[in-house]
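Subject: Structure handover

Hi,

Here is the structure I promised you. Please open it alongside this note, and read on for what turned up.

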Amino acid sequence: MNSKLKVTIFLILSIISVLCFAVVASLLKGQSIAQFDSSVISSIQGLERPWLTSVMKIFTFIGSTPVVVVISIVCLFLFFKFLHHRQELVLFLILVAGTAILNLILKMIFQRERPSLHRLIQETGYSFPSGHSMEAFALYAALAFLLWRHVPTRRGRTIVILISILMILMIGISRIYLGVHYPSDVVGAYFASGFWFTFSSWIFQWYMENRAKRVRTSTAK
């Protein structure tokens with residue numbers, strides 16, 4: 001794909017993401033969101049089984065801050081050790097750490113209380129947007145983005161994308177299943193993290209494109 005086209009696509013996606021987040025946020029206290037949340041919660045929690053609860057607890061544990069930090073450190077080490085791309089390491093840090101900071105800011109702005117009808121685990125803090133869902137999106141989208149160019153086969157790239165999507169969705173669903181987030185918390189989190197991911201990636205692609213131009217210009221001279 002043309003580099004300029006990549007830059008444009010990331011910019012467009014970042015604008016779409018922030019607009020979608022704004023729509024979800026503006027509807028938080030409306031009846032339509034309440035009906036949506038109630039319907040999805042009933043469907044997901046209606047699947048409750050002991051074995052499924054154990055599975056969901058595993059996914060929510062994987063999405064917890066300590067685990068995300070450990071995975072991020074391991075990935076940073078592997079990227080540096082085997083890929084030697086320092087710019088990509090900076091992008092990875094900005095995506096993951098920036099998402100955590102953005103989540104804290106948004107929670108303080110909206111201060112939405114967590115659902116209290118049927119909790120299978122206990123959580124504290126505000127509900128919107130879901131921190132687990134935002135961090136999952138940031139981490140696994142970043143990994144897919146950075147690994148894409150280093151995986152030589154189409155099958156390998158497809159596997160990377162599918163695993164990333166699976167982890168993002170399952171961590172988000174686990175929060176609804178366990179009763180600690182509304183579905184709108186998770187949807188809003190995906191849009192918020194999607195904005196930060198596409199915006200940061202847009203800046204990264206723009207920087208790399210301009211850097212490549214400078215190199216070509218200096219080489220031509």
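**Helix 7**

Helix 7 has 24 residues, which at 1.5 Å a residue should span 34 Å; its end C-alpha atoms are 34 Å apart, so the two agree. Bear in mind that this is a predicted model. Helix 7 covers residues 154-177.

Which residues of helix 7 are buried? In the N-to-C order of their numbers they are Gly156, Val160, Ser164, Met167, Ile168, Met170, Ile171, Gly172, Ser174, Arg175, Ile176 and Tyr177. As background, an α-helix has 3.6 residues a turn, so residues three or four places apart point the same way.

**Partners of helix 7**

Take helix 6 to begin with. The axes of helix 6 and helix 7 come within 9 Å and cross at roughly 175 degrees. Helix 6 is therefore roughly antiparallel to helix 7, as the angle is over 145 degrees. On the helix 6 side, the contact uses His132, Ser133, Ala136, Phe137, Tyr140, Ala141, Ala144, Leu147 and Trp148. Helix 7 answers with Arg157, Val160, Ile161, Ser164, Met167, Ile168, Ile171, Gly172 and Arg175. By class, this contact of helix 6 with helix 7 holds 12 nonpolar, 4 polar and 2 charged residues. Several helix 7 residues in this contact are also on the buried list, among them Val160, Met167 and Ile171.

Now helix 2, residues 31-45. Its axis and that of helix 7 also come within 9 Å, but the crossing angle is roughly 95 degrees. That value falls between 65 and 115 degrees, so helix 2 and helix 7 are roughly perpendicular to each other. Ile41, Ile44 and Gln45 of helix 2 meet Ile173, Ile176 and Tyr177 of helix 7. The contact of helix 2 with helix 7 has 5 nonpolar residues, 1 polar and no charged ones.

**The loop after helix 7**

Two residues deserve a look here. Leu178 sits in the loop between helix 7 and helix 8. Is Leu178 buried or exposed? Its relative accessibility is 0%, so Leu178 counts as buried. Leaving aside neighbours within four places in sequence, Leu178 is in contact with Gln45, Thr53, Met56, Lys57, Thr60, His118, Arg119, Leu120 and Ile121. The C-alpha atoms of Leu178 and Ile109 are separated by 24 Å, with their positions 69 residues apart along the chain.

Gly179 is in the loop between helix 7 and helix 8 too. Its phi is positive, near 80 degrees. Gly179 counts as buried, because its relative accessibility is 4%. Outside its neighbours within four places in sequence, Gly179 is in contact with Gln45, Pro115, His118 and Arg119. Gln45, His118 and Arg119 are also among the contacts of Leu178. Gly179 and Ser130 are 49 residues apart in sequence and 12 Å apart in space, C-alpha to C-alpha.

**Helix 5 and the loop to helix 6**

Helix 5 runs over 86-110. Its 25 residues should span 36 Å at 1.5 Å a residue; the end C-alpha atoms are 36 Å apart, so this helix agrees as well. Its buried residues are Glu88, Leu89, Leu91, Phe92, Leu95, Val96, Gly98, Thr99, Leu102, Asn103, Leu106 and Lys107.

Gln111 follows helix 5. It lies in the loop between helix 5 and helix 6. Gln111 is not a glycine, yet its phi is positive, about 50 degrees. Gln111 is partly exposed, with a relative accessible area of 40%.

Pro129 is in that loop between helix 5 and helix 6. A cis peptide bond joins Phe128 and Pro129, with omega about -10 degrees.

**Helix 8**

Where does Ser193 lie? Ser193 is in helix 8. Ser193 is buried, with a relative accessible area of 0%. Leaving aside neighbours within four places in sequence, Ser193 is in contact with Thr99, Met134, Phe137 and Ala138. Of these, Thr99 is one of the buried residues of helix 5, and Phe137 is one of the helix 6 residues that meet helix 7.

**Confidence**

The protein chain averages a pLDDT of 88, and 91% of the residues score at least 70. Among its elements, helix 3 (residues 50-62) has the highest mean pLDDT, 94, and helix 8 (residues 183-220) the lowest, 82. Where pLDDT is low, the predicted coordinates should not be read in detail.

Best wishes

Conventions
Residues are numbered from 1 along each chain as its sequence is written. This is a predicted model: local features need pLDDT of at least 70, side-chain atom pairs count only at pLDDT 80 or more; totals for chains, interfaces and linings use all residues. Side-chain values use heavy atoms; hydrogens and water are left out. Helices (H or I, at least four residues) and strands (E, at least two) are DSSP runs, numbered from the N terminus. Buried means under 20% relative accessible area, exposed over 50%, partly exposed in between (1.4 Å probe, protein chains only). pLDDT is the predictor's confidence in each residue, from 0 to 100. The expected span of a helix is 1.5 Å times one less than its number of residues. Axes are lines fitted to C-alpha atoms, for helices over the stretch in contact, and angles run from 0 to 180 degrees between N-to-C directions. Angles under 35 degrees count as roughly parallel, over 145 as roughly antiparallel, 65 to 115 as roughly perpendicular and the rest as oblique. Contact means heavy atoms within 4.5 Å. Ala, Val, Leu, Ile, Met, Phe, Trp, Tyr, Cys and Pro count as nonpolar, Asp, Glu, Lys and Arg as charged, and the others, Gly among them, as polar.
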